[in-house]
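Please work through the exercises below with the sequence and the three-dimensional view at hand, trying each task before reading its solution.

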Amino acid sequence: CGPPRAVLGSGAGWPAGPGGEAQVRRTAMAAAAQNKPDNTAFTQQRLPAWQPLLSAGTALPLFFCVGLACLALGLGLHFSSATIRERELDYSGGAGGGHNCSSCANASRAGAAGCTCSLHFELAEALPGPVCLYYELSNYYQNHRRYGVSRDDRQLSGDSWGLSNPAKECSPFRTDPQGMPIAPCGAIANSLFNDTFALYHLANGKASPVPLDNRGISWWTDSNIKFSNPELVNGSLPAAFKGTVKPPNWPHAAYLLDAGNPNNTGFINEDFIVWMRTAALPTFRKLYRRVRQGNFSSGLPEGSYRLDITYNYPVLSFQGTKKVIFSTVSWMGGKNPFLGIAYLVFGSACILTGFVMLAVHLRYQQQNQMDVE
Amino acid sequence: MPLFGLKFGKKKLNEEERQLQANNRDFNLQFEYANNSIKTSKYNFFTFLPLNLFEQFQRIANAYFLFLLILQLIPQVSSLSWFTTVVPLVLVLTVSGVKDAIDDFNRHKSDNHVNNRPVQVLINGRLKDDKWMNIQVGDIIKLENNNFVTADLLLLSSSEPHSLVYIETAELDGETNLKVKQALTVTADLGGDLQKLTDFNGEIKCEAPNNKLDKFTGTLMLHGEKFALDNEKLLLRGCTIRNTEWCFGLVIYAGPDTKLMQNCGKTTFKRTSIDRLMNVLVLVIFAFLALMCFILAIGNGIWEYDTGYYFQVYLPWTDGVNSAPYSGFLIFWSYVIILNTVVPISLYVSVEIIRLGNSFYIDWDRKMYYPLNDTPAQARTTTLNEELGQIKYIFSDKTGTLTQNIMAFNKCSINGKSYGDVNGMAEITENTVKVDFSYNQLADPKFVFYDHRLVEATKLGDAETHRFFRLLSLCHTVMPEEKKEGNLVYQAQSPDEGALVTAARNFGFVFRARTPETITVVEMGETKMYELLAILDFNNVRKRMSVIVRSPEGDLTLYCKGADTIVYELLHPSCGALKEETMEHLNEFAGEGLRTLVVAYKTLQKEYFEDWHKRHHEANTALGGREEKLSELYEEIEKDLMLLGATAIEDKLQDGVPQTIETLTKAHIKIWVLTGDKQETAVNIGYSCNMLHDDMKDVFIIEGNSSEDVLNELRTARKKMKPDSFLDSDEINIKFENPSTKSRILPEEQANGVYGLVINGHSLAYALEGNLELELVRTACLCKVVICCRVTPLQKAQVVELVKKYKKAVTLAIGDGANDVSMIKTAHIGIGISGQEGMQAVLSSDFSFAQFRYLQRLLLVHGRWSYIRMCKFLRYFFYKNFAFTLVHFWYGFFCGFSAQTVYDPWFITLYNLVYTSLPVLGMSLFDQDVDDCWSMRYPHLYEPGQQNLYFNKIEFVKCMLHGIYSSLVLFFIPYGAMYDAVRGDGKAIADYQSFALMAQTCLLIVVSVQIGLDTAYWTAVNQFFIWGSLSVYFAIIFTMYSDGMYLIFSASFPFIGTARNTLNQPSVWLAIFLSTILCVLPVVGCRFLKAQIMPTVSDKVLRKIREAKKRPPSPLPKMRLRRTSTRRSGYAFSHQHGFGALIMSGRNMRPKLPFTTTGTFSPNSERNRHN
């Protein structure tokens, strides 16, 4: 910042005044510079730094490049989403459904369980494997705060103390009126989705069942770490659950969820685990089964199908719907046109803005250049 | 002892009269007068915790968080874990508490420093060393030379003849000349006799403590006799004893009752305008929060009625909640908890940390370190930094701040020849050869002169030169002091005189000694004794002084020095040509801002003089009309003078003052000089600092002696500067005629040119009265420069207060003495010049440094940076919290308004504390748009701060809108990406935990990119903080969501596995990328377009700098000061009557003067003796 100003020697003067004395002291102390601040880049605020500037040279290429990149990504996403085939079947049984689930819906409203209904549908073209079977609920608030907290992870992790002492968040599904602890406790567990589906391929006049694989539908961490059954008592799971009662909505206790398969029963039942992973939005789908076995390992061929549904789960009372969805998957998941379209729109907007900015820059360049001079 | 440091009901009734008795503590104690200790600290060890917590919870944000904490304990309402509130609150309280503790500790230390100064007090007949704080009213204390006066004392006796005491009052009123105080004869007789002093039992009745520095009335009762006491007998705290070996004084007012302390004004807790704005904004945010919660509560009511009621199959209502409206009511409070993060509690802590950091930079700045007395700059208050970047008005003291308080004989004109220019060189540097005065043993070693020709002329024995210096050594009222042989010390009533006599001394005309009748001068080694026949003393009207002396040869001569305008009238017609030449030199000197005097002489005829002398004696002893007769006689003899030449004295400015003032003026800062000094001196300095200059259209001088006069003068001035301001259509006139308008803030007005205003204290007193206030402030603010002279400390504060009241502007006061304390405390920012003797100004200042010129750096560099940093911080901080919090609002519409959070509770706890705190701190501590050199070179860059452009209500709304936009993006992009989406392996991904993770990751990346965009100065630390924070975030989520953590604390970390199951999905990253560019690119576009279409001042300068940086750096244009002024410097002597009478009466002469009665000692005395 230019050369430091020379400190002029002070002239004659007023000897007894403060100036004079200060001078004497100055000469005495000039040597001892104990208070002199350190000369470091940090203390003097001279840290080396990169000072990027927002100029036409950076902003315009940025917009054009990002715009092009977004367009490319958008196209890719859009096409990959378009290759995915999906078949949705609404079976909630509301008015005008055009199938016999309506009666079941009315029945379930009355409280009866075990009603079955069937849906017939045609696949105009084959769904290449692996095909996933989802159920989708709408207007269903799994993300409600009170619903979401109404569980006891400690109990679900197989902790024996937790099993018999459910967390207070589970209330009102914590204990039964007699004070017996409910296992699994809470509103989420109590409202477990309990419709079941069976799929038949109708070919040559006979219905051949399509095998539905229920393994590996939940997160590995959930089924192996987060959820585990209480320690077996004498090798028996029911004994481990002794002293607890089933959730009120359940037809039977937790250890009977898949009684034949010790690796899929109790708290580690995968359908149960999938349900317990609550959804973020009021319309959600959850993986029910995969089609990847037997004759159908390469997918569902075109043709007629029948879906037998055990209709247990009432949704019409709160204007909910239930759907079954058959879908293929790709590297980026299921059918979701949103990202592709969003990228395409944003990419075009970016490039458009880039041109506007370029025009503005050219229009004002002269004037701004004049300011500099 | 006051209990717990608080004064319970100890507020005394208003004291009406003070009564005390010397040496009688028991008697005096009954009145409970304050003792001499001073207390500025707030807490002690035991009261710290309760008082500090009490104070902290008075802060609206802290109290609010306490309230939240209570809300969270209600289970029906609690929507978040308790730790989300407790952790930040405890942290905030701790940080602020520690800071308060350190501050108070420092206050204790400085109190102790003053309170523990030693003083000798007379107790039981003996002098005892004691501390200042133990001094009581009625004690007799002894002060020695150069001591500070401990309390307000009644002077009893001193070592000097007639019990005179010289004091310097620079601390008190800024005047540099010594003042004389004289004790009553009855107490003067006590002398230094301890026994007599102990027996002294005078009783004093006087007025109650007040702040009038120049007034004191009281009576002393001694042995049944009454003696009147006035201000002449009072030594005030804050003064310094000079040239007096010792004196005794009786304590009348102590500690807080002293006139100094009464003048100090209230210590007010200073807050910056941003603080005040923030308080308003917090209220706005509260309102906004309430509105959001209300909307959500209504939404919840509707939802529960419409859907929730039926959804009870799966989710029954909680016990006790039986209707939708009640549920809505509870949800209102739940959302108050959830959305609490819009009210930024950590904001206050961060703000404090940033200010502290920026204060440290001030302490550390080597360019504000003054090596000569080893004084670094110091930020004594660490909470006002950003206000340094917004200063519009500077109120500066003169003496010791702008000037060094040193007068230097700089130039002279002798018989038409000008001396004093450095041979051919324009600037004096350290290498310039100084004149060698070693031929003169009595020379003052501190005297510096650069023109060798003058010495040559003196040595050659040029008659006019000799006469010139002889005049300087004779015509004055200086008192010499020679305690050690050859070591002369002059005591001058005004520093100008001292400078002149010292100059004569160095050139070989050494004023050695004086008696009432003689003056001893060593002329070029030869001791001569002149007979002093008369001193025609200085006064206000005469503006000149003369002496009549008889030389050893018997010649009678009158020597005269005085203001040029006056003396020129008195010259003999034969001086014509010389007059012209000297006038030219005078103009030249004045143009350089020097204080000039014209010197002349006259040889007197013996007969005439004797006649005159007789008449003089008669007039002197006349009973009536003495003054008039004397002045007539003076007029008579002081005519037909022979012009000898002129002197020019430099009132030495502090280094770099004119440059600093020029730069600050360019930054549109208005500078007002408030000084206790005389008008002429002040105006002179105004010129030499380049504040006033001849390019100004006019400099108005307000010196009316009545309200009407002052009003007329002010109006006349304003009429000239802005004629249309008297029209009825003028907006200010309209505004103030309408009584309903509450705001008193005046808008900025523009004058039709550059004007200056000088107002003296007397007129100021009228102008500061109610109805004239407005006139004064309007007129003064139209002027570019305002100089107020002869103002009292309290008036200084009133002037500052006036501007604060009528102008929406940040004010800064700078000063060095106790007389500046009140203004330092009143202004938004107070600056003390440190490194001087008195510490009063520094102790009450917010910032201190050693030299006025550092002000430039403090404001233009540190202030500007602090302001920019603070504004950037606030803008970013509000943005970041809005973006963070409002996502919950949008989510409310999709989760049944159930107060469900979008993020993991741990993320909410750590967001402000861990994930985003360091990057923004890094920006607020390191950011600089341009470096210090450019900041100083383009003072225009300072203007946005003055206009408060970078953070105000509009900017806040912009941040809010930006935050709302970002929150929309941050909610709806994950929403769209998650809706019905599944993972690559077909498993569902739209679960709550994945959504939370995705939303929070998007948010964190967006705010990190945003801070990167806001950072203009990327140091390694910034990089480290930003990348570090992101890494820490990922490290923490992977740790918290890991199997191990779940197995250990299953209840606390239910998000197990979310991170690794979600973040391995390409669609998640695509969504994160999309939301980032969606949030950031529009900002980039807006900023680019704004800079193109509507560039601000700083945009333009930045562009200029960018251009300049591309070229090789050009050397800084040398700042050359224009000295175009042709103004005549006024006579700069004291307005008071001179010491002449005192000298002639001999009252101040010591009975025994060690070396001067003989008058034989001289450098050549050896030779004399041989003779």
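## Exercise 1: a loop residue in chain A

A:Asn139 sits in the loop between strand E5 (131–138) and helix H4 (145–149) of chain A, where helices (H or I, at least four residues) and strands (E, at least two) are DSSP runs, numbered from the N terminus. This is a predicted model, in which local features need pLDDT of at least 70 and side-chain atom pairs count only at pLDDT 80 or more, while totals for chains, interfaces and linings use all residues. Residues are numbered from 1 along each chain as its sequence is written, chains are lettered from A and ligands numbered from 1 in the order in which they are written, and side-chain values use heavy atoms, with hydrogens and water left out.

Task: state the phi of A:Asn139, and find what B:Thr307 is in contact with, leaving aside its neighbours within four places in sequence.

Solution. Begin with the backbone: phi of A:Asn139 is near 55°, which is a positive value in a residue other than glycine. Next, turn to chain B, where B:Thr307 belongs to helix H9 (residues 273–308). With its neighbours within four places in sequence set aside, B:Thr307 is in contact (heavy atoms within 4.5 Å) with A:Asn139, A:Tyr141 and B:Ile302. Finally, B:Thr307 has a relative accessible area of 7%, so it counts as buried; buried means under 20% relative accessible area, exposed over 50%, and partly exposed in between (1.4 Å probe, protein chains only).

## Exercise 2: cis peptide bonds

Task: locate A:Pro172 and A:Pro184, and describe the peptide bond that leads into each of them.

Solution. First, A:Pro172 lies in the loop between helix H6 (160–164) and helix H7 (187–190) of chain A, and A:Pro184 is likewise placed in the loop between H6 and H7. Then look at omega: the bond from A:Ser171 to A:Pro172 is cis, with omega near 5°, and the bond from A:Ala183 to A:Pro184 is cis, with omega near -10°.

## Exercise 3: three strands of chain B

Task: follow the pairing from E21(B) to E22(B) and on to E23(B), and then examine B:Arg544.

Solution. Start with strand E21 (residues 518–523), which runs antiparallel to strand E22 (residues 526–536) and is joined to it by six bridges; two strands pair if DSSP finds at least two bridges between them. At the turn of this hairpin, B:Glu523 has B:Glu526 as its bridge partner, and of the two residues between the strands, B:Met524 takes a positive phi near 45°. Continue to strand E23 (residues 544–550), which is antiparallel to E22(B) and linked to it by five bridges, with B:Leu536 opposite B:Ser546.

Lastly, B:Arg544 is part of strand E23 of chain B and is buried, at a relative accessible area of 4%. Its side chain makes a polar contact with the side chain of B:Glu638 at 2.7 Å; such a contact is a pair of N or O atoms within 3.5 Å, where within protein one must be able to donate a hydrogen and the other to accept it, and residues adjacent in sequence count only if both atoms are side-chain atoms.

## Exercise 4: another arginine

Task: decide whether B:Arg790 counts as buried, partly exposed or exposed.

Solution. Locate B:Arg790 in the loop between strand E30 (785–789) and helix H25 (793–806) of chain B, where its phi is near 55°. Its relative accessibility is 33%, so B:Arg790 counts as partly exposed.
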